[in-house]
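The following report describes one protein chain, going from single residues to the overall fold. Please keep the sequence and the coordinates in view while reading.

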Amino acid sequence: LPKRLSDLDKSKLIVTACPHNDCAIMARMFLKLNGYDTRYLKDGLIGMAEFLRGDNAKEFVDALPKKK
């Protein structure tokens, strides 16, 4: 991550994720300390996958802002 920091756009929200949050939390803190707006997935990638099963995925996609 330190070597690719300049590849990231500081004007955008960066969401960090990993299967169990430990690496995501460290990455988020590193980015935050370097001036980035960051969040991490509370339940990790596994939690997101569980949430997006079935009808939740359609509702999630339908709620996204539409591109112009």
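## A buried threonine and its surroundings

Threonine 38 counts as buried, because its relative accessibility is 0%, where the cut-off for that class is under 20% relative accessible area. The model discussed here is predicted. Threonine 38 has its place in strand β2, which covers residues 38-40. When residues up to four places away in sequence are not counted, threonine 38 touches Leu13, Ile14, Arg28, Leu31 and Lys32. Of these partners, Arg28, Leu31 and Lys32 fall within the residue range of helix α1, which is given as residues 22-33.

Directly before it in the sequence comes aspartate 37, which belongs to the loop between α1 and β2. Aspartate 37 is classed as partly exposed, since its relative accessible area is 33%. Leaving aside neighbours within four places in sequence, aspartate 37 is in contact with Lys12, Leu13 and Ile14, and Leu13 and Ile14 also appear among the residues that threonine 38 touches. Aspartate 37 and lysine 12 are 25 residues apart along the chain, while their C-alpha atoms are separated by 7.0 Å.

## Residues around threonine 16

Two further residues can be described by their distance from threonine 16. Methionine 29 is found in helix α1, and with a relative accessible area of 40% methionine 29 is partly exposed. Leucine 45 lies in helix α2, made up of residues 44-51, and leucine 45 likewise counts as partly exposed, at 34% relative accessibility. If neighbours within four places in sequence are left aside, leucine 45 is in contact with Ala17, Cys18 and Pro19. The table places these two separations beside the one already given for aspartate 37.

| Residue pair | Separation in sequence | C-alpha to C-alpha distance |
|---|---|---|
| Methionine 29 and threonine 16 | 13 residues | 9.9 Å |
| Leucine 45 and threonine 16 | 29 residues | 9.7 Å |
| Aspartate 37 and lysine 12 | 25 residues | 7.0 Å |

## The two cysteines

Why do cysteine 18 and cysteine 23 form no bond with each other? The sulfur of cysteine 18 has its closest cysteine sulfur in cysteine 23, at 4.9 Å, and this is too far for a bond, because a disulfide requires a pair of cysteine sulfur atoms within 2.5 Å. Cysteine 23, correspondingly, takes part in no disulfide, and a search of the whole structure finds zero disulfides. The two residues fall into separate accessibility classes: cysteine 18 counts as buried, at 9% relative accessibility, whereas cysteine 23 counts as partly exposed, at 46%. Cysteine 18 is also one of the residues with which leucine 45 is in contact.

## The chain as a whole

The protein chain has three helices and two strands, and from the N terminus on these elements follow the order β-α-β-α-α. What radius of gyration does the protein chain have, set against that of a compact globule of 68 residues? The chain has 14 Å, whereas such a globule would have a value near 11 Å. Along its principal axes, the C-alpha trace spans about 40 × 35 × 15 Å.

Of the 68 residues, 16% count as buried, and threonine 38 and cysteine 18 are classed in this way. Among contacts between residues at least 6 apart in sequence, 53% join residues at least 24 apart; the contacts of leucine 45 with Ala17, Cys18 and Pro19 give a local view of how the chain brings separate parts of its sequence into contact.

The protein chain exposes about 5,700 Å², and carbon and sulfur atoms supply 60% of that area. As for charge, the chain carries 13 positive and 9 negative charges, and the mean positions of these two sets are 7 Å apart.

Key:
Residues numbered from 1 in each chain as written. Predicted model: local features only at pLDDT ≥ 70, side-chain atom pairs only at ≥ 80, totals over all residues. Heavy atoms only, no water. Helix = DSSP H or I, 4+ residues; strand = E, 2+ residues; numbered from the N terminus. Rg over C-alpha atoms; globule rule 2.2 N^0.38 Å. Buried < 20%, exposed > 50% of the residue type's maximum accessible area, 1.4 Å probe, protein only. Contact = heavy atoms within 4.5 Å. Areas by Shrake-Rupley, 256 points an atom, 1.4 Å probe, with all protein chains shown as cover. Lys, Arg positive; Asp, Glu negative; His and termini not counted. Charge placed at Lys NZ, Arg CZ, Asp CG, Glu CD.
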